[in-house]
Amino acid sequence: MKIETYKVRVQTEGYGDIHDLTPEGQANVKSGGVKNGQATFFVIGSTAGLTTVEYEPGLVQDLKDFFERLAPQDQYYHHEETWHDGNGFSHVRASLLKPSLTVPIVDHELVLGTWQQVVLIDFDNRPRKREVLLQVMGI
Amino acid sequence: MKIETYKVRVQTEGYGDIHDLTPEGQANVKSGGVKNGQATFFVIGSTAGLTTVEYEPGLVQDLKDFFERLAPQDQYYHHEETWHDGNGFSHVRASLLKPSLTVPIVDHELVLGTWQQVVLIDFDNRPRKREVLLQVMGI
Amino acid sequence: MKIETYKVRVQTEGYGDIHDLTPEGQANVKSGGVKNGQATFFVIGSTAGLTTVEYEPGLVQDLKDFFERLAPQDQYYHHEETWHDGNGFSHVRASLLKPSLTVPIVDHELVLGTWQQVVLIDFDNRPRKREVLLQVMGI
């Protein structure tokens with residue numbers, strides 16, 4: 001059994017900025033030593049999350065709009081009393097979406113649909129340098 | 001260490017149609033070669049998701065109603081500008097719920113509560129033939 | 001390859017009660033035999049979920065408020081017709097948040113941000129004794 005840990009670094013703009021991690025993820029899986037197993041993506045930090053989406057400009061905007069309706073930025077958050085950094089909405093959205101995503105690997109490939117990309121959504125209220133761990137486990 | 005990959009095929013009706021994957025999942029885990037480890041369910045495609053629920057008709061309806069309130073079908077989605085296929089709401093709901101679910105295996109069984117079933121929710125706006133990968137890893 | 005399964009027991013108050021599982025999780029991972037791999041937390045039952053959050057009192061309150069807006073307790077749920085136990089809102093919230101969370105382990109530590117804790121949220125409408133499985137897999 002092999003375990004490989006990669007660091008995927010992403011410079012984001014925050015405010016629901018969405019980045020496609022699929023090309024770098026697939027490249028790591030293809031060149032790595034695991035033929036069958038699973039890949040776990042995990043974003044370090046509590047104001048970003050991971051999921052899959054058909055990565056096209058319309059849906060990128062739809063997801064931003066959706067999270068803004070769900071947990072509006074201009075609403076009052078008690079988090080403000082602790083840090084006064086104005087990103088309560090970012091934390092709530094990130095906890096809902098969660099920082100982890102596991103994708104099966106079959107024959108040296110992440111098994112995804114044609115229109116299904118692995119994405120990082122950064123909910124913070126400022127640009128961030130993000131580190132996503134990609135951990136590959138299998139045989 | 002062993003890895004087994006099963007394909008669970010489901011014919012859905014779309015529109016929040018919910019299918020219980022537990023019986024087929026448990027059967028595969030019981031007859032397979034992994035005694036302790038984990039099972040990762042992953043639905044291929046970007047308009048469906050996986051979770052657990054007490055699978056009874058009331059909650060099945062409640063979940064449909066809930067997702068309709070959360071991301072209404074009749075709202076405008078920018079996804080429409082790209083494909084004109086009317087399923088922006090399906091993509092947004094699926095990205096929120098996510099395509100992946102990992103359940104521990106102890107002693108040849110998925111460890112679930114009595115009232116906790118693994119379900120596929122198909123959010124698309126038409127019937128679909130879905131393929132859910134069930135990947136079992138362990139010893 | 002090693003697999004270790006721990007049971008983390010938590011007495012909750014229900015109603016969105018949030019518990020930090022990080023100290024017990026880290027302690028198990030540090031003293032266990034897996035140096036690199038992953039930890040899957042899984043809560044048994046269909047009225048609780050797992051995620052990460054910056055565990056501070058403001059955000060704990062914000063998450064409670066958020067889930068109350070998302071799936072209000074005093075709304076009608078069809079689940080009531082089945083069991084008459086008043087916790088339809090608990091089930092819907094738990095299915096949305098999901099019972100599973102996977103965190104990479106690097107060098108005998110759960111890889112988390114400084115302000116990122118693994119938490120159990122109990123959505124039920126009464127105090128519960130919860131069992132969270134922590135399954136560690138790796139080398």
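In the predicted model, chain B is superposed on chain A by a rotation of 120° with 0.0 Å of shift along the rotation axis, and the RMSD is 0.0 Å. This is the relation of a three-fold axis. Within chain B, the C-alpha nearest the axis belongs to Met1(B), at 3.8 Å. Chain C behaves likewise: a rotation of 120° with 0.0 Å of shift along its axis places chain C on chain A, with an RMSD of 0.0 Å. Met1(C) is the residue of chain C that comes closest to the rotation axis, its C-alpha lying 3.8 Å away.

The copies meet through different surfaces, because only 8% of the interface residues of chain B are also interface residues in chain A. For chain C, 7% of the contact residues recur in chain A, and here too the copies use different surfaces.

The contact between chain C and chain A involves 27 residues of chain C and 26 residues of chain A. On the side of chain C that touches chain A, the elements giving two or more residues are the strands β3 (37–43), β4 (48–53) and β5 (100–106) and the helix α2 (57–70) of chain C. The largest share of this side, six residues, is supplied by α2(C). By residue class, the side of chain C that touches chain A consists of 13 nonpolar, 11 polar and three charged residues.

The fold of a single chain was examined in chain A. Its secondary structure amounts to four helices and eight strands. In sequence order these elements follow the pattern β-β-α-β-β-α-α-α-β-β-β-β. Five of the strands form an open sheet with the order β1-β8-β3-β5-β6 in chain A, and the pairing in this sheet is antiparallel. Strands β1 (2–12) and β6 (109–110) of chain A are the edges of the sheet, each pairing on one side only. Inside the sheet, strand β3 (residues 37–43) of chain A pairs with strand β8 (residues 128–138) of chain A in the antiparallel sense, over seven bridges. One position in β8(A) can be matched to its partner: Val136(A) stands opposite Ala39(A).

The overall dimensions of chain A were then considered. The C-alpha trace of chain A spans about 50 × 30 × 20 Å along its principal axes. A compact globule of 139 residues would have a radius of gyration near 14 Å, and the value for chain A, 16 Å, agrees with this. Of the 139 residues of chain A, 53% count as buried. Among the contacts in chain A with a separation of 6 or more, 82% are between residues 24 or more positions apart.

A single residue of chain C, Gly33(C), serves as a local example. Gly33(C) is placed in the loop between α1 (22–31) and β3 of chain C. Gly33(C) counts as exposed because 11 other C-beta atoms lie within 10 Å, and the cut-off for an exposed residue is 12 or fewer. When residues up to four places away in sequence are not counted, Gly33(C) touches Lys2(C) and Glu4(C). The C-alpha atoms of Gly33(C) and Met1(C) are 9.8 Å apart in space, and the two residues are separated by 32 residues in sequence. Met1(C) is also the residue of chain C that comes closest to the rotation axis.

Key:
Residues are numbered from 1 along each chain as its sequence is written. Chains are lettered from A and ligands numbered from 1 in the order in which they are written. This is a predicted model: local features need pLDDT of at least 70, side-chain atom pairs count only at pLDDT 80 or more; totals for chains, interfaces and linings use all residues. Two strands pair if DSSP finds at least two bridges between them. Copies are superposed by least squares on the C-alpha atoms of residues with pLDDT of at least 70 in both. Two residues are in contact if their C-beta atoms, placed from the backbone, lie within 7 Å. Ala, Val, Leu, Ile, Met, Phe, Trp, Tyr, Cys and Pro count as nonpolar, Asp, Glu, Lys and Arg as charged, and the others, Gly among them, as polar. A residue is buried if 20 or more other C-beta atoms lie within 10 Å of its own, exposed if 12 or fewer, and partly exposed in between; C-beta atoms are placed from the backbone. The radius of gyration is taken over C-alpha atoms; the globule rule is 2.2 Å times the number of residues to the power 0.38.
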